[in-house]
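Subject: Structure for you to look at

Hi,

Here is the structure I promised to pass on. Please open it and keep it on screen while you read.

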Amino acid sequence: MKVAIIGTGYVGLTTAVVLASLNHDVVAVDKDEGKLSLLHAGKTPIHEPGLQNLFDKVRHTIRFTSDVDEAVPEAKVILIAVGTPLKNGEADTQHVKQAAIEVAQVCHPDRRYTLALKSTVPIGTNRHVAKIVEKVFSARGIRGNVSVASNPEFLQEGLALPGAFYPDRIVVGTDCEDAVDTLRRLYRPILEQTFEPPSLLPRPVGYHLPPMVTTDPNSAEMLKYAANTFLALKISFINEIAGLCEKVGADVTEVAQGIGLDSRIGPRFLNAGIGWGGSCYPKDTAALLGIAAQSEYMMPITEAARTVNSRQREQIVEKLQDALKTLRGKTIGILGLAFKPNTDDIREAPALDIIRRLIKEEANVRAHDPVAVENARHALNGFPIVFASDVCELTHNADALVLITDWDEYQNMDLGVLAKRMNTPLLIDGRNLYDPQEAQAAGFHYIGVGRRIERT
Ligand code: UGA
């Protein structure tokens, strides 16, 4: 099937590569010439495990262009995957609307299209986009034939490819029956799992065929916000419990394990720690509250999830302050800058927030990350930070080490060696990555999030 994808960010590029590898005929459009030249040179602009490898295999079949006219007229499906950044407490849909206008301007009057929005958008946007498209057609003096659908994306950074090939579900929200049929055909190889798994992405053992959930556009838009908000509050809930564990001498990792075994609760997204960051939960929970406010509706649970999340970051700094008495002139090593492992994305990353607070307290900050240093350097331009090239440099004469991103490589470090390099061997484990007893045996004064510490 011929597919035009507008936007080559995390969602657009992953979708382009996955659909191309399923033998669809893909043209991807982006206005960012820098991104396009990287893509033309065969390089993916983002760090996403397996993406470069798969891109190498299919890139000769994907066309990248800045011109919608080269992509849209011949396409059967047009997917809009542009950003909807937060603006004044709302998701800003200007890029989505602009993309819809540009698409409608070049649609062939005699062809039938399905226009699906993958971007996360406020409730009502799909129906509004359908009206925009109609308006452009009437200005062109044509009837046009575009069925608009919401096709929300559930891509998890760091796990984008497994999530795309082996999703839990595919959601389509539309008022047009033909759009359901077209999108079912587009996703058929995934819905029926008829493709040969790429070499690095074997089909998970026990994986079941994913259902396609069909609904109306407003419900599909709401479903996406509800999914992200639920996950954000699940994390905030376990973080709230972690705080109480610290007060009463319980261990949150054991509590999480025990409650997660209840199949009604489930074990995932119960890792207590520094809280959530990234481009989605902070933005989507804020946008949902914005939507609620417009309807004069209170959402105290969503508000509380956000409050708990900011408190997690503050508490890390407070724990440092308690242990070191003052932060002024102290050297703090930050392990991890990305908002989660396996990505170079630093949007709303807890590390950046914590670093800014530490610098305000006049601490000397050193930071390390396996892949996100360049992005962080850019975001923290003007802040006095030393970016360490390895963990040894980070720990040399440091007063504390703060683990912020739970990269695998941090798990396997020799803590005994690191503790000896430090001025005061204090380890604040913001992700509960280490075993408290092992860290203590290695010579660290260990402080986790909601951990029971038996002092040795
Ligand atoms: C999230 C959703 O998981 C995706 O389904 C959705 O498509 C995406 O938002 C989006 O709307 O685009 P993402 O933000 O990439 O994906 O990452 P998550 O894996 O969900 O993690 C978000 C944050 O929660 C990270 O900072 C992570 O460290 C934190 N987290 C996650 C915890 O603190 N504890 C946990 O148990 C799990």
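Below are my notes on one strand and its neighbours, then on a pair of helices.

Keep in mind that this is a predicted model.

Start with strand S15, residues 426–429. Side chains in a regular strand alternate between the two faces of the sheet. Are the residues on the two sides of S15 buried or exposed? Leu426 and Ile428 lie on one side, and both are buried. Leu427 and Asp429 lie on the other side, and they are buried too. Both faces of S15 are therefore covered.

Next, the neighbours of S15. Strand S14 covers residues 400–403 and pairs with S15 in the parallel sense, over 3 bridges. Leu403 sits opposite Asp429 of S15. Strand S16, residues 445–447, also pairs with S15. That pairing is parallel and has 3 bridges. Here Ile428 has Ile447 of S16 as its bridge partner.

How does the chain get from S15 to S16? Follow helix H19, residues 436–441. S15, H19 and S16 form a β-α-β unit, and the unit is right-handed.

Now the helix pair. H10 spans residues 217–248, and H12 spans residues 281–294. Their axes are 9 Å apart, and the packing angle is about 120°. An angle over 115 but not over 145 degrees counts as oblique, so H10 and H12 are oblique to each other. Their crossing is left-handed. Residues making the contact include Tyr225, Leu231 and Ile235 of H10. On the H12 side, they include Tyr281, Leu288 and Ile291.

Best wishes

Terms used:
Residues numbered from 1 in each chain as written. Predicted model: local features only at pLDDT ≥ 70, side-chain atom pairs only at ≥ 80, totals over all residues. Heavy atoms only, no water. Buried < 20%, exposed > 50% of the residue type's maximum accessible area, 1.4 Å probe, protein only. Helix = DSSP H or I, 4+ residues; strand = E, 2+ residues; numbered from the N terminus. Pairing = 2+ DSSP bridges. Right-handed = clockwise from strand over helix to strand, strands pointing away. Axes fitted to C-alpha atoms, helices over the stretch in contact; angles between N-to-C directions. Parallel < 35°, antiparallel > 145°, perpendicular 65-115°, else oblique. Left-handed = near helix turned anticlockwise from the far one by under 90°. Contact = heavy atoms within 4.5 Å.
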